[in-house]
Amino acid sequence: MLDLLPSIRFVLVFLLLLSLPTSSTVVAADTISNIDIYHDQFCSEQCSSLSSCNELYNNNFVDLRLRVNYFPIDDGFGKDFGTTISRQTFETQFILDIAAALDASPCHFYITSVLPEGNDNYWDSENVFVTFRLFPVRAEFVSSLTKQLQEPESVLHDGLVTRTADSLYGLVALPWDFTLKLTYSISIVGDVDVIHSSRGRYLNQGSLNSCVDAEYKGSRYCILERCLIEDIERALSLEPGQFTILFVKEADRQSVVVTFRLIPMPDSDDNWAEGKGEELVHQMSDPKSLLYAGNVTYKIDPTWSISQQERQPRTFTQYVSRPIPATSADAYERCKATRRCPRAWSSYNQSSSESSHTLQAFRNGQHSTVPLFLDFEDWRQGTRGWKQSCRRGRDDICLPTTLHETATNIAGAHWNPFDFESLGPSIPAARDEWNNGLVLNKKTMELTVDGQAKLIEEYKALVHWMDEEFQHGLTDDASIRSREEIRMNITDYSEVISSEELILDMLTQSQCSAVECNLLFNT
């Protein structure tokens, strides 16, 4: 506003309102009917100009910014964008719109700059950024304007100038607002609440303060918002309400940018918010900081840093903390670990004469069924079920076959384990196998016992790691986002370990280990 005497300013405002372009805006009679523009109590008792408010309140102010669309600054009196009547009219009506939206005195607000959008290579003459100053700091005013920008039917959007304010840009509190990046997909963050627009996908529930309503508290977005607020408050030692989320906008398919606000207490120093932002940047470089110990902030991206200032490379990753088994002394196991040999299993149940074959992507991974895998290590199976494929043509190439079975069985090659009597007990062995009969090879038994013991140790190491970390979606479910949700959905290995320990006990107590065994062969 112009720093003029009240009487002169009133006359000027009247003239400026008359000069509003009739093609774009028309001043309604009730726009200012409920506002005593200059002669209200605040203007008369506190301050009524930018210079007098600066003198009275010193640094007790906050600079705010809006983006106003479709304001033709290159047309008419505003062509040179100087202190013209058109420019003054725009500023005056803007202040009146803000004051009406907050039901407050216009003397609280003063425009400090109106700049068009663009840079050296681009100049958008119809969209402008309006920066204005609020005296004194009123956090409730800032919160109300933030919310009204997201509400199409709000008083703010009824204003002659602010009706075209950009809701996706929002209200920016210049010293208080920051951004950070989280490595979550926006669909994981907001689920069905994600807003799809021509300018990208986003969530504005933070600006609307939706999560205070009981109806929305249990939504996917509000759960994550609560976790993020608690994490930042803990990391920066903030009081409740000092950290608020404004927007969550999609950065790419795997991450989102979170716009947030740090609100100082009345007795905080002038650079309080800036100092807290620097503290967050510092904690990003420390993998043991409170920031990375958070429920969801362990997913923060240091390459974005805070508002892309002092961006940092990834010097560590949480994903290498998983226990890696020592290199096996067994050549075949090393072959499978390096993917030169298939990590597959062939199980034969001698009692039912059934074979099953499975494949694992990695050690202790999930078994998936495959048609066939033969490791030629189970002598009990013999050649049961083996067939030969013959080359059919002018010269049939096929081995001799048996007379009493189908022509694909190799003659003299098949022997049936059911033709022989099984000696000794039938007990479980390591990795879903069974021992049927006495184990005559002591070395094989020792390897089996050792393998079962190592399997139990691997499960215990995995449980210990999960207790210590809780960093990752151990259930392979991307929708499980926070440490809290991981704890609720984590795999319980206690029954698995108990079962494997029972098998180990049976292995170590059987096969003549506790009693003397004699085997007589009648030749």
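Among contacts in the protein chain between residues at least 6 apart in sequence, what percentage join residues at least 24 apart? The figure is 62%.

**Figure 1. Overview of the protein chain in a predicted model.** The chain has 523 residues, and 43% of them count as buried. Its secondary structure comprises 13 helices and 14 strands. The chain exposes about 30,100 Å². Carbon and sulfur atoms supply 53% of that exposed area. The close-ups below take up a strand, two helices and a loop.

**Figure 2. Strand 1 and its antiparallel partner, strand 4.** Strand 1 covers residues 62-68. This strand is mostly covered, with 6 of its 7 residues buried. Strand 4 spans residues 172-173. The two strands are joined by 2 bridges. Look for Arg65 in strand 1: its bridge partner in strand 4 is Val172. In a regular strand, side chains alternate between the two faces of the sheet.

**Figure 3. Glu91 in helix 4.** Helix 4 comprises residues 85-102, and Glu91 is found within it. Is Glu91 buried or exposed? Glu91 counts as buried, because its relative accessibility is 16%, under the 20% cut-off. Leaving aside residues up to four places away in sequence, Glu91 touches Ile111 and Val114.

**Figure 4. Ser210 in the loop between helix 7 and helix 8.** Helix 7 spans 205-208 and helix 8 spans 220-236. Ser210 has a relative accessible area of 10%, so this residue is buried. The cut-off for buried is under 20%. Which residues does Ser210 touch, not counting those up to four places away in sequence? They are Gln205 and Tyr216. Lys147 is another residue to locate in this view. Ser210 and Lys147 are 63 residues apart along the chain. Their C-alpha atoms are separated by 9.7 Å.

**Figure 5. Helix 9, residues 272-284, and what covers it.** This helix has 13 residues. At 1.5 Å a residue, helix 9 should span 18 Å. The expected span is 1.5 Å times one less than the number of residues, which is why 13 residues give 18 Å. The end C-alpha atoms of helix 9 are 19 Å apart, in agreement with the expected span. Buried residues in helix 9 include Trp272, Ala273, Lys276 and Gly277. Leu280, Val281, Gln283 and Met284 are buried as well. What covers the buried residues of helix 9? The cover includes strand 5 (177-182), helix 8 and strand 9 (255-262).

Conventions:
Residues are numbered from 1 along each chain as its sequence is written. This is a predicted model: local features need pLDDT of at least 70, side-chain atom pairs count only at pLDDT 80 or more; totals for chains, interfaces and linings use all residues. Side-chain values use heavy atoms; hydrogens and water are left out. Buried means under 20% relative accessible area, exposed over 50%, partly exposed in between (1.4 Å probe, protein chains only). Helices (H or I, at least four residues) and strands (E, at least two) are DSSP runs, numbered from the N terminus. Two strands pair if DSSP finds at least two bridges between them. Contact means heavy atoms within 4.5 Å. Accessible areas come from the Shrake-Rupley method with a 1.4 Å probe; for residues, only the protein chains shown count as cover.
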